[in-house]
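Visitor: Before we discuss any assignment, may I see the model? I shall then ask on what grounds each term is used.

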Amino acid sequence: MKYLALLFSVFLCLFGCAKRDVPSPSSSYFEDNGKVKVLSTTTMIDDLVAHIGGEFVDHIALVTRDLDPHSYELVKGDDEKIGFAQIAIGNGLHLEHGASLRYQLENHPHAVFLGEEIQKRVPSQIITVDGQLDPHVWMDISLWAEGIDAIVTALSAIDPEHALHYQRNGDDLRQAMLLTHRQIQQEFKGIGSSNRYLVTSHDAFHYFARAYLSEEEDWEKRCVAPEGLAPDGQLSTQDIQRVVDHLSEYQIGVVFPESNVNRDALKKIISSCKHSVQICDRPLYGDAMGDSQSGADSYLAMIQHNAKVLKEEWQKQSKLNH
Ligand SMILES: [Zn+2]
């Protein structure tokens, strides 16, 4: 009899627990409502999850508002959020280099690193800067759309019943993203090539420059920033001088702050320039989406906002120069 009971409990565990090998999905951050629980590190990932998961998924982003995903370390409550999520999605490509966050992601039973999934599909599209992978893949909408299938696959593995729903939502999202991608490319064609030089706070815009600002494979000179791939504030006088020289060489009249990066470096730079350079009064969104007042509170709205601000400022500059 004991033997039968043991056999029965093994059977239950093998088949009853097969769907969920992570803790029961109910916590102060996630309601116990049967929906798939997904935690994403950034709001740009979370927005894709929201579109693909629709009504069958509860989703939260870990790094919100103006916090920096490069250096983010876990705070009180984060362990619980990650622990209760059935799927944890990070960007990878060394974006999340805070040790506590990286450890939790790497040890999650259902972790997905979206940037690395994109890298597997289109390795030649991943930019390296001084031997380091550039993690800012979301800045090119067509490249970010390459991550959709990985999210569809992860959701369908946990919740096969709604796999078709995830697939359809993913297909719709891809179409909307590629349409916006082409629209932005078209919009920049109206701006003279001599105006399309982007100077920002840190190196978050290489993918953007390659996708939207460059027509002759010259994107590397189309975007320059004093801070490297992560805005760590460790600036040398050479970093400042390099940007000052670039502004002078291409006679650039406006630089663009980023919503979550200190403006001190840009202020130093413009005060060292011999010609007149302004700091744009509207920030760009590099590593974080904006709030509901910003007009940049969804992934596509964020990229559209950046494109709009750049276009308007460069048009103003072009008029000043004529
Ligand atoms: Zn960044």
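Guide: This is a predicted model. Let us begin with helix α9 (residues 206-213), which is mostly covered.

Visitor: What makes helix α9 "mostly covered"?

Guide: A residue counts as buried when its relative accessible area is under 20%. Seven of the eight residues of α9 are buried, namely H206, Y207, F208, A209, A211, Y212 and L213. The helix is therefore called mostly covered, given the cut-off of under 20%.

Visitor: Against which elements do the buried residues of α9 pack?

Guide: They pack against β5, α6 (141-144), α8 (163-189), β7 (198-199), β8 and α12. Packing here rests on contact, that is, heavy atoms within 4.5 Å.

Visitor: How many residues of strand β2 are buried?

Guide: Five of the seven residues of β2 (residues 57-63) are buried, and this strand too is described as mostly covered.

Visitor: How do you know that β1 and β2 pair, and which way do they run?

Guide: Pairing requires at least two bridges between the strands. Six bridges join β1 (residues 36-42) to β2, so the pairing criterion of at least two is met, and the strands run parallel. Within this pairing, S40 has A61 in β2 as its bridge partner. The chain passes from β1 through helix α2 (residues 43-53) to β2, a right-handed β-α-β crossover.

Visitor: What lines the largest pocket, and how much space lies in it?

Guide: The largest pocket holds about 420 Å³ of space. Its lining comprises 21 residues, with V129, D130, D203, G228 and R242 nearest the centre. At least two lining residues come from each of β5 (128-129), β8 (223-224) and α10 (237-249).

Visitor: Why is G228, one of the residues nearest the centre of the largest pocket, counted as polar?

Guide: The classification places Gly among the polar residues, so G228 is counted there. By class, the lining of the largest pocket has nine nonpolar, five polar and seven charged residues.

Visitor: Which helix gives the most to the lining of the second largest pocket?

Guide: Helix α12 (residues 299-320) does, with four residues. This pocket has a volume of about 160 Å³, and its lining includes Q251, H275, E313 and K316. The lining has two nonpolar, seven polar and two charged residues.

Visitor: What percentage of the residues of the protein count as buried?

Guide: Of its 322 residues, 52% do. The protein has 12 helices and 10 strands.

Methods: Residues are numbered from 1 along each chain as its sequence is written. This is a predicted model: local features need pLDDT of at least 70, side-chain atom pairs count only at pLDDT 80 or more; totals for chains, interfaces and linings use all residues. Side-chain values use heavy atoms; hydrogens and water are left out. Buried means under 20% relative accessible area, exposed over 50%, partly exposed in between (1.4 Å probe, protein chains only). A crossover is right-handed if, with the strands pointing away from the viewer, the path from the first strand over the helix to the second runs clockwise. On a 1 Å grid over the protein atoms alone, a cavity is a set of points where a 1.4 Å probe fits but cannot get out, and a pocket is an open set with protein on both sides within 12 Å along at least five of seven lines; lining residues have an atom within 4 Å of a point. Grid points are joined across faces, edges and corners, and a volume is the space filled by probe spheres set on the points.
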